[in-house]
Amino acid sequence: MAGTGTLTPPLFVALATYASWMVLFLFGHLRDFYRKKIYGGRAVKKGAEGYAPIRQDYEDFYTRRMYYRIHDAFNRPICSAPDAWVDVMERTPVDGQKPLQVTGATKRCLNLGSYNYLGFAAQDPYCTPRVEEALDQLGWAAASARADAGTTPRHVELERLVAQFLGKEDAITCGMGFATNSAFIPLLAGKGTLVVSDALNHSSIVAGVRGSGAKVKVFDHNDPAHLEAVLRSAIAEGQPRTGRPWKKIVIIIEGIYSMEGEMVRLKEIVELKKRYKCYLYLDEAHSIGALGAGGRGVCEQLGVDTADVDIMMGTFTKSFGSCGGYIAGDRGLIQYLRCHCPAHLYATAMSPPAVEQVISALHVIQGLDGSDRGKRKIRQLHDNSNYFRRGLLEQGFDVLGDWDSPVMPVMLFCPAKLPAVSRYTLERGLAIVVVGFPATPLLTTRMRVCISAAHSRADLDYALEVFKALRDRHHLQYCDAETASRHIKAFQAHTNLAGASGVQVPASLQERIEVNNQLTRATVEAYHAKDRDLLELRHAQQNDFMVACRIDDLERAPASDRRREELPSLRGALAALSAKCIEPRLSQTGFRIMSGERRSGHRRSRYTLSPLATPAALLDAFKAADDAAVQRNPAGALLQLVRCTQAVGESPLKLGVASGAGDAWQAAGGAAICARGDGFPTVLFERWLSVLQQAGKRLPYKAENWETVAGVIKEGRRQLAAAGLTCGAAAEAAQQLAATHLAACCALEAAADPAAARAAPQGKQALQPAAGGTQQEGGAAAKRQRHL
Ligand SMILES: Cc1ncc(COP(=O)(O)O)c(C=O)c1O
């Protein structure tokens with residue numbers, strides 16, 4: 001087993017552990033025997049007359065003879081929020097098989113038992129007021145299934161945010177984390193499917209796989225070599241009896257194993273998944289929010305692209321301080337789940353305040369609340385976890401799990417130590433969960449410490465003090481000093497190499513995360529501004545971004561990757577969008593449109609630019625997006641440019657075009673003017689110049705057209721000059737070129753219709769007519785050239 005501890009006890013401890021269990025079983029059976037003899041009845045409690053006992057024989061024996069002896073160590077009620085400190089309700093001492101009664105007294109304990117990793121489960125200055133508002137607006141309960149009347153805008157927003165956060169196309173949520181596994185897995189695996197499942201997967205996964213009817217093979221916990229062996233033999237053998245190939249193979253793993261605190265060896269498993277063309281299902285119940293510098297879970301922590309994980313499952317019950325779970329994946333997959341999953345169709349939706357809690361927590365984690373609290377919380381969680389793990393190792397405890405993991409099982413091995421440790425720690429003000437058989441194998445009884453970002457150093461020091469006393473009293477020193485120092489040194493070397501958070505995120509992924517964050521921030525602003533149109537536009541932009549990312553990923557995947565088959569349809573989708581509106585095209589080149597309004601009937605567009613638009617990206621977009629358009633139709637492009645520039649004249653920060661909508665010209669022209677402060681306006685004129693050169697021959701050669709063009713150039717220059725900006729040589733050249741065309745047009749028109757030219761008022765100054773022009777032509781030209 002990887003990590004800092006081991007599940008294998010020293011020989012003497014193993015023997016003592018088996019001996020303890022034997023004594024317990026022996027005494028249990030002896031007591032049953034005497035009970036039978038003395039009372040003359042059955043050992044098993046009888047059911048109602050004529051009914052068989054409801055509990056199975058063995059469960060009945062275990063409950064009476066083992067569990068009731070120590071049941072005060074389990075199910076401890078609390079009566080405060082599960083914050084760093086918690087009020088534990090005291091109960092009557094163990095008294096035979098009687099249920100425990102609460103006494104009314106409480107004990108304030110340091111909470112080392114809750115999954116409150118980021119501290120969101122208690123009051124939070126950002127989340128709590130929003131949850132209260134959601135409560136006022138939407139009430140306590142959704143009171144209906146998602147597919148009926150249980151979908152509020154907050155549910156939709158949550159699913160979008162989750163997909164964004166994980167870099168997936170879409171997500172679906174469910175009211176319960178356990179049910180997310182147990183109800184969704186049967187839709188992903190069925191007859192003819194092989195599920196290859198980690199030996200220590202959570203019980204919800206086991207329930208889901210059992211309910212699916214798929215064939216299951218188990219591989220040794222977190223062991224890629226064994227996984228490969230299982231895959232190879234399963235593929236070679238095919239389906240049982242028929243030997244037919246499997247319809248599909250799904251590998252199911254967890255991000256952090258909840259009873260081991262250990263991170264999955266994701267990189268190796270992703271490699272195997274690709275090599276053997278299997279689907280990968282990753283349960284991130286404990287890792288989402290808790291791992292990775294940005295809280296994006298084990299993929300971020302280990303530098304794995306989320307595109308390589310087909311189905312990302314997680315729960316909101318740990319790091320987000322709420323309830324429910326999610327599945328994130330490709331749009332097609334999620335749509336399929338929406339249409340078929342009973343948990344979506346027939347189970348009541350998540351309660352709106354719980355949804356709002358997750359949304360708000362996601363905002364904080366991503367810094368969308370305007371602070372860096374989220375990042376600090378995650379860092380604090382890692383620091384706390386590593387500090388405590390190190391403290392325990394130095395004291396000689398056998399601690400399972402990896403560095404940065406907030407789950408820290410501490411091995412007890414011997415079952416007799418379980419109640420003793422639980423009672424001792426409670427007495428000294430620590431609330432800790434203890435776990436033994438049947439939740440673990442017989443040999444591996446343990447206590448499980450869960451660290452939170454809400455814990456302070458003083459809290460952790462206090463806990464370490466208690467642990468020291470506990471170790472001496474109950475002989476828990478299973479790890480020798482040399483092993484402990486080896487683990488600590490390995491960790492230090494690792495952090496020195498890769499920075500405090502352990503592993504570096506690849507630059508490409510980091511970049512995407514940044515863009516994603518900015519887009520999400522813009523969406524949140526739109527939401528708070530209560531601007532529906534803007535919100536819709538934001539969602540569209542984010543979807544475009546996701547499609548573009550997906551295309552990018554697939555393009556980089558090896559030619560043999562089956563998922564590349566999707567590429568043509570994805571490109572098609574993007575191209576279809578491009579034809580209709582400018583956003584997707586621009587999104588590919590790195591900038592976004594801030595807001596917009598489109599009325600299909602009138603083909604009317606209005607855009608302003610996003611803060612994402614950097615001058616360099618705009619310039620590229622400006623050139624790249626439209627070269628093809630200019631070549632196809634230079635005259636049309638020129639007219640677009642005229643309209644765009646006119647619209648810019650209306651307001652430098654807003655581009656309003658009442659014209660054939662949706663061309664990058666409009667945005668690019670607006671962008672050029674918007675970016676004034678960056679010395680950018682000459683770009684517009686450069687563009688003017690190149691388009692004028694190409695359009696010269698194809699724009700209907702009428703003086704009226706060229707008059708407009710020339711007028712617009714002049715106005716553009718005037719505005720820029722008023723703003724104190726120089727326009728550069730390109731502006732000069734563009735103006736010259738327009739003037740030449742206008743003069744030539746005037747000359748042609750005058751030649752064709754001398755009467756019209758005569759009717760034109762004489763110019764004040766005698767301008768030179770274009771080559772070959774007459775005196776009258778000169779008059780018409782003079783009139784027109786006053787525009788320049
Ligand atoms: C790996 C894993 N998956 C799923 C669940 C179920 O989640 P929930 O508690 O949100 O129902 C848990 C619970 O701890 C878990 O550890």
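In which helix does Ile 38 lie? Ile 38 belongs to helix H1, which covers residues 11–39, and that helix is a convenient place to begin reading this predicted model. The briefing then turns to the parallel strands E4, E5, E6 and E7, where E4 pairs with E6 and with E5, while E6 also pairs with E7. It ends with two residues of helix H5, Phe 184 and Thr 180.

**Helix H1 and the surface around it**

- The UniProt record, an unreviewed entry, lists residues 12–30 under "transmembrane region", and in the model this span is 100% helix and 0% strand, with its end C-alpha atoms 26 Å apart.
- A nonpolar patch on the surface is formed by Val 23, Leu 26, Phe 27, Leu 30, Phe 33, Tyr 34, Ile 38 and Tyr 39, which together have about 920 Å² of accessible area.
- Ile 38, one of the residues in that patch, has a relative accessible area of 63%, and because exposed means over 50%, Ile 38 counts as exposed.

**Strand E4 and its two partners**

- Strand E4, made up of residues 193–198, is mostly covered, since 6 of its 6 residues are buried.
- In a regular strand, side chains alternate between the two faces of the sheet.
- In E4, Thr 193, Val 195 and Ser 197 point one way, whereas Leu 194, Val 196 and Asp 198 point the other way, and all of these residues are buried.
- E4 runs parallel to strand E6 (residues 248–254), to which it is joined by 5 bridges; within this pairing, Val 195 has Val 250 as its bridge partner, and Leu 194 stands opposite Ile 249.
- E4 also pairs in the parallel sense with strand E5 (residues 215–219), again over 5 bridges, and here the bridge partner of Ser 197 is Val 218.
- Between E4 and E5 the chain passes through helix H6 (residues 203–212), and this β-α-β crossover is right-handed.

**Strand E6 and its link to E7**

- Strand E6 is largely enclosed by the rest of the structure, because 6 of its 7 residues are buried.
- Besides its pairing with E4, strand E6 pairs in the parallel sense with strand E7 (residues 279–283) over 5 bridges, and Val 250, which is the partner of Val 195 in E4, has Tyr 279 as its bridge partner in E7.
- The chain travels from E6 to E7 by way of helix H8 (residues 266–275), in a β-α-β crossover that is right-handed.

**Two buried residues of helix H5**

- Phe 184 is found in helix H5, which spans residues 177–188, and its relative accessible area of 1% is under the 20% limit, so Phe 184 is buried.
- Phe 184 and Gly 211 are 27 residues apart in sequence, and their C-alpha atoms are 9.9 Å apart in space.
- Thr 180 is also part of helix H5, and because its relative accessibility is 0%, Thr 180 counts as buried.
- Along the chain, Thr 180 and Tyr 326 are 146 residues apart, yet a distance of 6.6 Å separates their C-alpha atoms.

Key
Residues numbered from 1 in each chain as written. Predicted model: local features only at pLDDT ≥ 70, side-chain atom pairs only at ≥ 80, totals over all residues. Heavy atoms only, no water. UniProt positions renumbered as here; feature names shortened; annotations may be inferred. Helix = DSSP H or I, 4+ residues; strand = E, 2+ residues; numbered from the N terminus. Patch = residues over 30% accessible without salt bridge, like charges linked within 9 Å, V, L, I, M, F, W, Y side chains within 5 Å. Areas by Shrake-Rupley, 256 points an atom, 1.4 Å probe, with all protein chains shown as cover. Salt bridge = Lys/Arg side-chain N within 4 Å of Asp/Glu carboxyl O. Buried < 20%, exposed > 50% of the residue type's maximum accessible area, 1.4 Å probe, protein only. Pairing = 2+ DSSP bridges. Right-handed = clockwise from strand over helix to strand, strands pointing away.
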